[in-house]
There are 2 protein chains.
Amino acid sequence: MGKQNRTAITPRRDQDFPKWYQEVVKEAEMAEMAHVRGCMVIKPWGYGMWEQIQARLGDMIKACGAENAYFPLFIPLKYIQKEAEHVEGFAQEMAVVTHHRLEKVDGQLVPAGKLTEPLVVRPTSETIIGESFSKWINSYRDLPLKVNQWCNIVRWEMRPRVFLRTTEFLWQEGHTAFATAEEAVTDSLQMVNVYKQFSEEWLAVPVISGAKPAYDRFPGAVETYTIEAMMQDGKALQAGTSHDLAQNFSKAANISFTDSDGEVQFAHTTSWGVSTRLIGAAIMTHGDDDGVRVPPRIAPLHIVIVPIQRGKDTEQDKAVMNYADNVLERLKGITFADNLPMLAKVDKRLNSSTEKRWNWVKKGVPVQIEVGPRDIENDNAVMRVRSEESMDKSFVSVDDLVANASSILDKIQTTYFDQAKKRMDESITDLKSYEELEKFFKSADSYGFVRAPWLPSDVEDTRLKEMAVTIRCIPFEQKQEKMRCILTGEETDSVAIFSKAY
Amino acid sequence: MGKQNRTAITPRRDQDFPKWYQEVVKEAEMAEMAHVRGCMVIKPWGYGMWEQIQARLGDMIKACGAENAYFPLFIPLKYIQKEAEHVEGFAQEMAVVTHHRLEKVDGQLVPAGKLTEPLVVRPTSETIIGESFSKWINSYRDLPLKVNQWCNIVRWEMRPRVFLRTTEFLWQEGHTAFATAEEAVTDSLQMVNVYKQFSEEWLAVPVISGAKPAYDRFPGAVETYTIEAMMQDGKALQAGTSHDLAQNFSKAANISFTDSDGEVQFAHTTSWGVSTRLIGAAIMTHGDDDGVRVPPRIAPLHIVIVPIQRGKDTEQDKAVMNYADNVLERLKGITFADNLPMLAKVDKRLNSSTEKRWNWVKKGVPVQIEVGPRDIENDNAVMRVRSEESMDKSFVSVDDLVANASSILDKIQTTYFDQAKKRMDESITDLKSYEELEKFFKSADSYGFVRAPWLPSDVEDTRLKEMAVTIRCIPFEQKQEKMRCILTGEETDSVAIFSKAY
């Protein structure tokens with residue numbers, strides 16, 4: 001279907017990747033920017049992916065011992081102010097509620113009922129959850145405490161981009177408190193590993209996990225761990241973070257406990273989150289010039305059955321629809337991967353079958369089945385698999401389809417991951433000097449990440465900044481060789497990942 | 001356990017119902033009011049119930065053809081202003097965002113970056129979703145359109161009450177558009193029936209469904225349908241509403257379509273929602289003087305196993321814990337009701353077993369199992385069923401427990417519903433005159449709802465208002481007899497439900 005250089009999405013990825021992304025999100029009916037400054041509307045196909053992410057990642061988070069809860073949207077200014085670095089980090093992008101009603105003045109509605117203390121719409125919830133923790137935690141018996149919330153977040157965004165950077169977005173944020181520093185370290189590492197596993201096994205998005213440079217940590221954290229994915233334009237996307245907050249927030253919010261010796265101590269806290277940005281990551285990793293390609297494990301729908309009705313013979317059209325329903329019925333109860341229910345439906349809309357077909361290609365449903373008048377007799381169907389380059393038709397018996405549906409989905413999932421993994425692995429260039437690195441990022445041909453020796457530093461290098469290159473992370477995977485830092489020439493035993501990024 | 005007049009909750013329901021409610025929510029660790037004015041923190045046990053509600057009701061809503069989506073939190077003032085009644089209805093309780101960052105002035109953080117147009121935090125989303133609908137709907141082929149969102153809502157609340165009336169709450173709101181008036185009527189009726197079914201079959205909360213008086217409709221609706229539950233103090237609680245908006249919002253937001261004859265028409269829209277208030281409804285319907293009683297079908301946990309460890313003999317304590325784990329293992333895979341997974345766990349906290357037992361009584365877990373050293377040999381356990389008056393111990397073999405767990409849960413569910421249904425049915429008093437009604441509501445002994453003839457009117461009766469009595473609904477269930485309206489003396493063939501209410 002992608003033959004003859006005609007593609008469903010214009011422009012193609014190689015022509016203008018950012019524009020392609022915008023178009024693909026629109027054409028797949030995943031989301032759109034709202035008229036409200038920087039906010040997005042997540043449409044059913046995009047939200048369906050988010051529901052799958054919530055369900056699957058939600059289970060993994062619960063398995064780590066965190067319980068879901070819900071904390072207020074509004075944060076009094078005085079809470080936010082408690083942690084100095086934190087407030088600095090978010091002050092530039094906070095929506096502030098100052099009034100609690102509207103009044104008509106000269107026929108115009110104006111804000112009225114001014115609040116004595118303004119409220120900030122949560123840009124993250126460390127401060128407000130810390131307030132609850134300080135009440136809930138008294139004794140070492142109350143620890144560890146692990147909560148997680150799925151909610152909306154607001155960070156005022158000057159250059160919004162659907163799913164990647166929006167004023168309002170949806171996320172999950174976990175918040176924990178422990179008796180010891182070691183447990184907090186362990187937890188923050190465990191959760192970045194959960195994110196890596198989820199990203200790779202469910203979103204089919206390979207990532208590099210590691211620690212952020214000190215100057216790029218979450219405001220108030222002593223360590224920020226990250227997973228970094230490579231988009232198809234070679235740029236990095238930070239896809240999830242986990243923070244060791246040590247005692248910074250517990251001291252600010254007075255989260256203290258009496259230990260088993262009767263001593264009062266401050267707790268050690270962590271926080272970690274992923275957001276609707278993951279959907280953007282999946283699109284920019286798997287999408288092609290015909291649209292989105294959704295990995296089966298997070299797809300809201302796996303098999304769509306399109307009845308080919310000619311609209312000339314009512315009896316025949318009815319027979320085709322009955323047959324489609326019959327195929328659907330036989331697909332019920334199938335599971336794939338780790339006992340996930342296979343989701344199928346018949347597309348009964350009034351549109352033409354060609355419109356429907358392209359609609360589902362662009363949406364990236366893993367498998368399309370077409371059934372027409374001639375298929376009924378032979379109990380056949382036409383199958384198109386979204387992961388196959390040309391999406392050629394193949395003729396299958398419905399019995400075979402039922403028997404193989406599960407393995408077809410598993411194979412699509414693997415294909416998407418393998419393609420992305422191969423691309424990433426082949427696009428990491430090992431360099432040994434700043435000159436090479438500069439040449440790399442100034443060249444129009446260069447693509448992907450650079451891996452190079454770096455001696456961790458508290459200050460961002462201005463030369464990198466000028467090139468819009470950032471250190472994405474100090475990967476956990478290190479060879480521990482003695483090398484020379486490409487920025488300072490000093491001895492170091494660690495490499496870092498350098499890249500342009502979203 | 002409720003013997004000897006000692007109860008886990010003070011005061012008892014008959015002493016001070018509102019205070020009992022507050023205490024029971026606190027003692028069951030379901031939620032608490034936050035320091036943030038009028039907002040609540042929903043704790044894991046309360047949020048767990050909300051997750052069950054989301055899952056079960058979510059399925060029912062999807063089965064009605066609505067797809068989940070997500071729309072912006074912020075609504076520009078100009079959208080809100082479009083529907084005159086609507087803005088009047090909500091103007092007094094809207095949180096208004098006026099700035100988008102904070103600045104330090106004399107060491108104090110103050111709002112900065114004033115918005116040219118203030119944004120309202122959604123008090124409901126008809127206006128913002130209408131804006132999307134007006135773009136998405138062009139042809140009759142785009143109809144019907146049904147979306148639903150699970151989200152947070154803000155209505156500034158001067159007298160907040162946990163779960164029942166809070167500045168921020170969680171809810172689901174469905175929004176639909178149809179080509180014809182009939183379809184909108186049918187949809188709004190269908191959804192109030194879904195709410196009735198969900199409330200009765202899942203929350204075990206019996207309700208009376210019907211239409212709101214005209215003056216009490218949702219601002220902008222031509223008909224508001226409601227489900228009204230009776231709390232244990234005899235007061236009514238509105239537990240869900242469904243609105244037929246006719247063309248009021250479609251005209252305001254220009255939701256129009258070209259029909260099959262090529263004529264441009266305005267769509268007919270509906271909206272419907274239930275909120276975290278349902279949790280309050282369940283608590284005030286089923287709770288007793290020892291705490292909350294959670295209906296199994298919405299319980300986050302069905303069976304808790306408490307190991308009785310004496311703390312004197314380490315080997316014995318270990319054996320007890322192993323046995324508890326073994327019982328848990330044997331309970332795995334059990335389902336009840338409509339194929340719901342039975343959820344069980346071992347309470348491994350360090351607290352004493354008495355503390356644990358009372359903790360779970362107050363939380364209202366349906367079944368408690370205690371296992372101690374003597375149970376191991378005989379493969380026995382001690383069971384306490386929360387729906388039984390005295391919660392007496394019964395000794396059961398683990399085999400019997402496994403065999404009967406499913407029917408025990410079903411029975412608890414039925415018991416809760418039957419008790420509530422009986423109480424409600426016995427507490428509806430049929431009256432024929434205003435004098436009787438006045439006497440009823442002015443008497444200290446009267447309890448429950450009054451059902452009396454009423455001729456629907458657009459204006460609220462001031463005498464009722466003065467008594468703080470409201471017409472809850474004109475029930476769907478009517479005898480269609482000719483009667484005299486108790487307020488006007490005019491002929492009518494309908495009765496209404498009168499009550500004090502939350």
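The following exercises, each with a worked solution, concern a predicted model and go from the relation between its chains to the packing within them.

**Exercise 1. Determine by what turn and what shift chain B can be laid on chain A, and name the relation that results.**

Solution. Begin with the general case: two copies of a chain are related by a rotation about an axis and a shift along it. Here, chain B is brought onto chain A by a turn of 180 degrees with a shift of 0.0 Å along the axis, and the RMSD is 0.0 Å. That is the relation of a two-fold axis. To place the axis with respect to the chain, look for the residue of chain B that comes closest to it, which is Val97(B), whose C-alpha lies at 2.1 Å from the rotation axis.

**Exercise 2. Describe the side of chain B that touches chain A, by number of residues, by class and by the element that contributes the largest share.**

Solution. First count the residues: 49 residues of chain B are in contact with 49 residues of chain A. Next, find the element with the largest share on the side of chain B, which is strand β5(B), residues 96–105, with 7 residues. By class, this side of chain B comprises 32 nonpolar, 9 polar and 8 charged residues. Finally, compare the two sides: 100% of the interface residues of chain B are also interface residues in chain A, so the copies meet through the same surface.

**Exercise 3. Establish how strand β5 of chain A is joined to β5(B), and which residue of β5(B) is the bridge partner of His99(A).**

Solution. The two strands run antiparallel, and 3 bridges join β5(A) to β5(B). In β5(B), the residue bridged to His99(A) is Val96(B).

**Exercise 4. Work out the strand order of the open sheet that contains β15 and β21 of chain B, and identify the strands at its edges.**

Solution. The sheet has 5 strands in the order β18-β15-β19-β20-β21 of chain B, with mixed pairing. Its edges are β18 (344–346) and β21 (394–397) of chain B, each of which has a single partner strand, so one side of each is left without a neighbour in the sheet. On average, neighbouring strands are turned by 30 degrees against each other, direction ignored. At the β21 edge, β20(B) (residues 380–385) runs antiparallel to β21(B) and is joined to that strand by 4 bridges, with Ala381(B) standing opposite Val396(B).

**Exercise 5. Find which strands of chain B helix α12(B) touches, and how this helix meets α9(B).**

Solution. Start with the sheet, on which α12(B) packs by touching β15, β19, β20 and β21 of chain B, its direction making about 10 degrees with that of β20(B). Then turn to the helix pair: the axes of α9(B) (residues 314–331) and α12(B) (residues 398–426) come within 10 Å and cross at roughly 35 degrees, in a right-handed crossing. The contact is formed by Val327(B), Arg330(B) and Leu331(B) on α9(B), and by Val398(B), Val402(B) and Ala405(B) on α12(B). By class, these are 5 nonpolar, no polar and 1 charged residues.

**Exercise 6. Decide whether strand β19 of chain A is largely enclosed or largely open, and describe its pairing with β15(A) and β20(A).**

Solution. Of the 5 residues of β19(A) (residues 367–371), 4 are buried, so this strand is largely enclosed by the rest of the structure. With β15(A), β19(A) pairs in the parallel sense over 5 bridges, Val304(A) having Gln368(A) as its bridge partner. With β20(A), β19(A) runs antiparallel and is joined by 4 bridges, Glu370(A) being bridged to Val382(A).

Conventions. Residues numbered from 1 in each chain as written. Chains lettered and ligands numbered in written order. Predicted model: local features only at pLDDT ≥ 70, side-chain atom pairs only at ≥ 80, totals over all residues. Least-squares fit on C-alpha atoms with pLDDT ≥ 70 in both. Contact = placed C-beta atoms within 7 Å. Axes fitted to C-alpha atoms, helices over the stretch in contact; angles between N-to-C directions. Left-handed = near helix turned anticlockwise from the far one by under 90°. Nonpolar A, V, L, I, M, F, W, Y, C, P; charged D, E, K, R; others polar. Pairing = 2+ DSSP bridges. Buried ≥ 20, exposed ≤ 12 C-beta atoms within 10 Å, placed from the backbone.
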